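Trainee: Could you take me through a close look at one part of this model, and then follow the chain outwards from there? I am new to it, so please explain the terms as you go.

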Amino acid sequence: MSGPAHDAVTSFGERLEHTLANRGHLCVGIDPHEYLLERWGLPVSAVGALEMGLRVIEAMEGRAGIVKPQIAFYERFGAIGYKVLEELFEAARAAGLLVIADVKRGDVGSTLEAYSEAWLAPGSPLEADAMTLNPYQGFDTLRHPLQLAEQHGKGVFILAATSNPESASIQTARRVRGSKNGRSVAGGIASRAADWNRDHFSGPIGSVGVVLGATVDFEFLGIDLDELGKEPKAPVLAPGFGHQGAAVADIHKIFGTVASTTIVNQSRGVLSAGQNGLADAIEAQCALLNEAFGK
Ligand SMILES: O=c1ccn([C@@H]2O[C@H](COP(=O)(O)O)[C@@H](O)[C@H]2O)c(=O)[nH]1
């Protein structure tokens with residue numbers, strides 16, 4: 001037997017590198033909260049949530065290249081919610097956007113396998129470019145989605161130090177066993193992601209990312225940004241800007257060595273501008289980021 005196990009694919013890290021360089025660091029979150037649908041004059045229904053998503057994709061044209069639909073806001077409408085998500089993903093793909101499905105899935109490995117097939121397998125009705133994963137049943141439960149990502153040029157973002165204030169009670173706990181003994185739970189997870197990138201990817205950016213909230217004190221949470229910043233660098237999905245209080249202009253101060261691979265998420269911060277103000281709100285965030293990166 002000879003030859004590669006699968007055809008060479010462009011990795012998510014490579015695609016992300018291209019997007020960051022050409023379309024910037026902004027990721028627009030599609031979070032159709034009830035009050036936002038009302039403010040936008042849309043029905044509080046799957047149709048309203050679809051309409052908001054399509055308007056966001058339209059407003060991103062020529063401005064931003066990464067979109068993060070928050071699946072919870074579609075799931076609450078049941079089957080029709082999933083149907084409109086499929087439509088939304090198709091529209092995002094047609095617009096050339098990288099789609100991060102914010103699903104935060106985690107389970108025993110054999111079940112997580114099925115979840116990851118739903119969001120990452122080519123040809124799946126809900127195929128995205130990347131998905132968010134919850135590692136709190138053990139990092140090794142993530143093996144299948146990580147392998148799937150590598151095989152099909154997909155990405156994953158693993159919750160490490162999340163933006164919500166309640167996170168510290170669990171994520172600062174110290175590990176007493178294993179190779180990351182003595183590290184915080186959050187730090188151990190981030191470190192495993194860095195190891196995975198080093199062992200499985202080459203080039204400037206890996207395909208295994210971490211979620212690090214922009215509101216977080218990384219030293220307190222035990223996150224070693226320099227470890228994540230070694231090539232192949234870990235992509236960082238960073239919620240916490242805008243509505244949750246962090247300022248986009250502080251990206252370098254907050255993320256240091258990984259600022260260059262940080263995806264800056266803004267959901268309510270831009271959606272609250274309403275349908276008519278959305279494009280300007282996105283533009284304003286892009287301008288702040290361009291200034292921060294000296295572009
Ligand atoms: O640690 C985390 C992980 C994910 N999120 C998600 O990001 C957006 C943030 O929305 P804003 O309106 O910009 O606050 C939302 O979908 C969260 O579920 C997070 O906030 N923190």
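Mentor: Let's begin with helix α14, whose buried residues are covered by elements including β1, α3, β8 and α13. Please keep in mind that this is a predicted model: local features need pLDDT of at least 70, side-chain atom pairs count only at pLDDT 80 or more, and totals for chains, interfaces and linings use all residues. Residue numbers start from 1 along each chain, following the sequence as written.

A few terms will help. Helices (H or I, at least four residues) and strands (E, at least two) are DSSP runs, numbered from the N terminus. A residue is buried if 20 or more other C-beta atoms lie within 10 Å of its own, exposed if 12 or fewer do, and partly exposed in between, with C-beta atoms placed from the backbone. Two residues are in contact if those backbone-placed C-beta atoms lie within 7 Å.

Back to α14: the buried residues in this helix are Leu278, Ile282, Gln285 and Cys286. Its length can be checked too, since the expected span of a helix is 1.5 Å times one less than its number of residues. For the 19 residues of α14 that gives 27 Å, and the end C-alpha atoms are 26 Å apart, so the two agree. Just past this helix, Gly294 has a positive phi of about 65°.

Now move to α3, one of the elements that cover α14. The cover works the other way as well: the buried residues of α3 are covered by elements including α14 (274-292), β1 (26-30), α2 (34-39), β2 (66-69), α4 (72-75) and α5 (79-94). Those buried residues are Ala46, Gly48, Ala49, Leu50, Met52, Gly53, Val56, Ile57, Ala59 and Met60. Helix α3 takes in residues 46-60, and its 15 residues should span 21 Å; the end C-alpha atoms are 21 Å apart, which agrees. After this helix, too, comes a glycine with a positive phi: Gly62, at about 75°.

One residue of α3 makes a good example, and that is Ala46. It counts as buried because it has 21 C-beta neighbours inside 10 Å. Beyond residues up to four places away in sequence, Ala46 touches Tyr74, Phe77, Ile80, Gly81 and Val84. Val84 is 38 residues along the chain from Ala46, yet their C-alpha atoms are separated by 6.8 Å.

Next come the strands. Two strands pair if DSSP finds at least two bridges between them. Strand β6 (residues 208-212) runs parallel to β5 (residues 155-161), with five bridges joining them; in one of these pairings, Leu159 has Val211 of β6 as its partner. Strand β6 also pairs with β7 (residues 236-238), again in the parallel sense, over two bridges, and Val210 has Val236 of β7 as its bridge partner. Five of the five residues of β6 are buried: Val208, Val210 and Leu212 lie on one side, and Gly209 and Val211 on the other.

Val210 itself counts as buried because 27 C-beta neighbours lie inside 10 Å. Leaving aside neighbours within four places in sequence, its contacts are Phe157, Ile158, Ala160, Ala190, Ala193, Leu228, Ala234 and Val236. The loop between α11 (225-228) and β7 holds Pro232, and the peptide bond from Glu231 to Pro232 is cis, with omega near -10°.

Finally, return to β8 and α13, which we met as part of the cover of α14. Strand β8 (262-266) and helix α13 (268-271) each supply at least two residues of the shell around the ligand. A residue is near a molecule if its C-beta atom, placed from the backbone, lies within 6 Å of it. There are 18 residues around the ligand, and Gln70, Thr162, Pro239, Ser267 and Arg268 come nearest. The shell divides into two nonpolar, 13 polar and three charged residues, where Ala, Val, Leu, Ile, Met, Phe, Trp, Tyr, Cys and Pro count as nonpolar, Asp, Glu, Lys and Arg as charged, and the others, Gly among them, as polar.
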